[in-house]
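Dear colleague,

Please find below the structure that I am handing over to you. A summary of what was found in it follows directly after the display.

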Amino acid sequence: MKKKLLSLCLSALLCNTLPAVSFATSEGLQPDTASSVAPALSQSTLQALQWQPINTSATQTIALNSMSQQLNSGDIHGPIAAFSLPANQGSLDITLTSLIKDKQVYSPNVIVLDEQLRPAAFYPSSYFGYQKPSIMSVDRLEGALKLTPALGQQKIYLLVYTTRADLKASTQMVDPAKAYAQGVGNAVPNIPDPVARHTETGTLTLKVKSEHDAGNILIGQIFATPAQTSAPVQQPVTVGSTIDSKSAASILPPKATSETLSQPITVAKKSVLNDTEQYFNDAIKKAIRNGDIDKALKLLDEAERLGSPTARETFIKMIKDKG
């Protein structure tokens, strides 16, 4: 029985160690417009913004126009959307959509910030790919964000903006006749596809759902002493996501602080604080003692995502010792 349990757990463990890792791309954007650098934004700039509260019970529609908040800082240009999301309702499954209308579209970029307005994740415009129209939806740019707020936070923040580089680009659409022919299985007509020009204005929809399962990107610190709360961010900043083959696992180097986020993206190894590491090791031991192997595997996955070097060893040792 002991050997069977170990075999099953190790098999599950191996299945959880094969993440799909690639950089987020969009077929609609021109290659030279996919920025891999997050903008530099000071705490004073972020604190001056008006953050719109968003709940998890409805889809929000936001019109970006001359009456919207404006932000012109570096490459950021024009109307923006700033959202405040609940951080105490579990993981968040977020879908951001920018609707294409009259062959024009707002090309979004997103920075996710923790409760202290420290940058935690960056989704460039290349992440929000073109989606063809269907019976229930129109042409659009769309991307999904899966986020897990760290414990102890009440809010996290999403800043949506476009850039001067995005405004010089365009999105290749699919002609409605082609889309219809593909949908019903008819021969696709040989006609040119329209192009949507990127503009400073547009219409966004934001759909937020809370989930019990852990998301892909941890937002905020699990443990924070008073010194850590006021100190500059020293941990790498995750960019993009690892949710599918179009996602990103690149991270910014530890030079990023609460005052600036402007370093080029590089692939770096994550590190984990000692108290965080101990927290996960103890939680893994407790879950296995209680016979909850599935929970132990989830804890192991999250611990290794944060950079724990001992969580796997703890898991295997507990499985071997069990029984």
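Helices (H or I, at least four residues) and strands (E, at least two) are DSSP runs, numbered from the N terminus. Residues are numbered from 1 along each chain as its sequence is written. The model is a predicted one, so local features need pLDDT of at least 70 and side-chain atom pairs count only at pLDDT 80 or more, while totals for chains, interfaces and linings use all residues; side-chain values use heavy atoms, with hydrogens and water left out.

Overall content and confidence

The protein has eight helices and 16 strands. Of its 323 residues, 47% count as buried, where buried means under 20% relative accessible area, exposed over 50%, and partly exposed in between (1.4 Å probe, protein chains only). Contacts (heavy atoms within 4.5 Å) with a separation of 6 or more are made, for 74% of them, by residues 24 or more positions apart.

The mean pLDDT (the predictor's confidence in each residue, from 0 to 100) of the protein is 75, and 70% of the residues score at least 70. Among the elements, strand 5 (residues 104-105) has the highest mean value, 97, and strand 16 (residues 251-252) the lowest, 30. Two stretches deserve mention. Over residues 10-34 pLDDT stays under 50, and the model has 51 contacts beyond four places in sequence for them. Over residues 224-236 pLDDT also stays under 50, with 20 such contacts beyond four places in sequence. Where pLDDT is low, the predicted coordinates should not be read in detail.

The loop between strands 6 and 7

Arg-118 is found in the loop between strand 6 (109-113) and strand 7 (119-123). Because its relative accessibility is 6%, Arg-118 counts as buried. The side chain of Arg-118 is joined to that of Asp-114 by a polar contact of 2.8 Å. A polar contact is a pair of N or O atoms within 3.5 Å; within protein, one must be able to donate a hydrogen and the other to accept it, and residues adjacent in sequence count only if both atoms are side-chain atoms. Leu-117 has its place in the loop between strand 6 and strand 7. With 9% relative accessibility, Leu-117 counts as buried, and its phi is near 60°, a positive value in a residue other than glycine.

Two other loop residues

Lys-103, in the loop between strand 4 and strand 5, has a positive phi of about 60° although it is not a glycine. Pro-192 is found in the loop between helix 4 (176-184) and strand 12 (195-198). Pro-192 counts as exposed because its relative accessibility is 71%. Pro-192 and Met-173 are 19 residues apart in sequence, and their C-alpha atoms are 9.8 Å apart in space.

Strand pairing

Two strands pair if DSSP finds at least two bridges between them. One open sheet of three strands has the order 5-12-11, with mixed pairing. Strand 5 and strand 11 (170-172) stand at its edges with a single partner strand each, so one side of each is left without a neighbour in the sheet. Strand 5 and strand 12 run parallel and are joined by two bridges; Gln-104 stands opposite Arg-197 in strand 12.

Strand 13 (residues 202-211) runs antiparallel to strand 2 (residues 59-64), with six bridges joining them. Thr-61 has Thr-205 as its bridge partner in strand 13. Strand 4 (residues 91-99) is joined to strand 13 by nine bridges, and these two strands also run antiparallel. The bridge partner of Leu-99 in strand 13 is Thr-203.

Nonpolar cores and helix 8

A nonpolar core is a set of buried Ala, Val, Leu, Ile, Met, Phe, Trp, Tyr and Cys residues joined through side-chain atoms within 4.5 Å. The largest has 52 residues, and those with the most contacts inside it are Val-112, Tyr-123, Leu-147 and Leu-159. Strand 10 (residues 155-161) supplies the largest share of this core, six residues. A second, separate core of 18 residues includes Ile-284, Ala-303, Leu-306 and Ile-319.

Ile-319 is also one of the buried residues of helix 8 (residues 311-321), together with Ala-311, Thr-314, Phe-315 and Met-318. These buried residues cover an arc of only 130° around the axis, which puts them on the same side of helix 8; the arc is that of the directions from the helix axis to the C-beta atoms. The exposed residues Glu-313 and Lys-317 are carried on the face of helix 8 turned away from its buried side.

Yours sincerely
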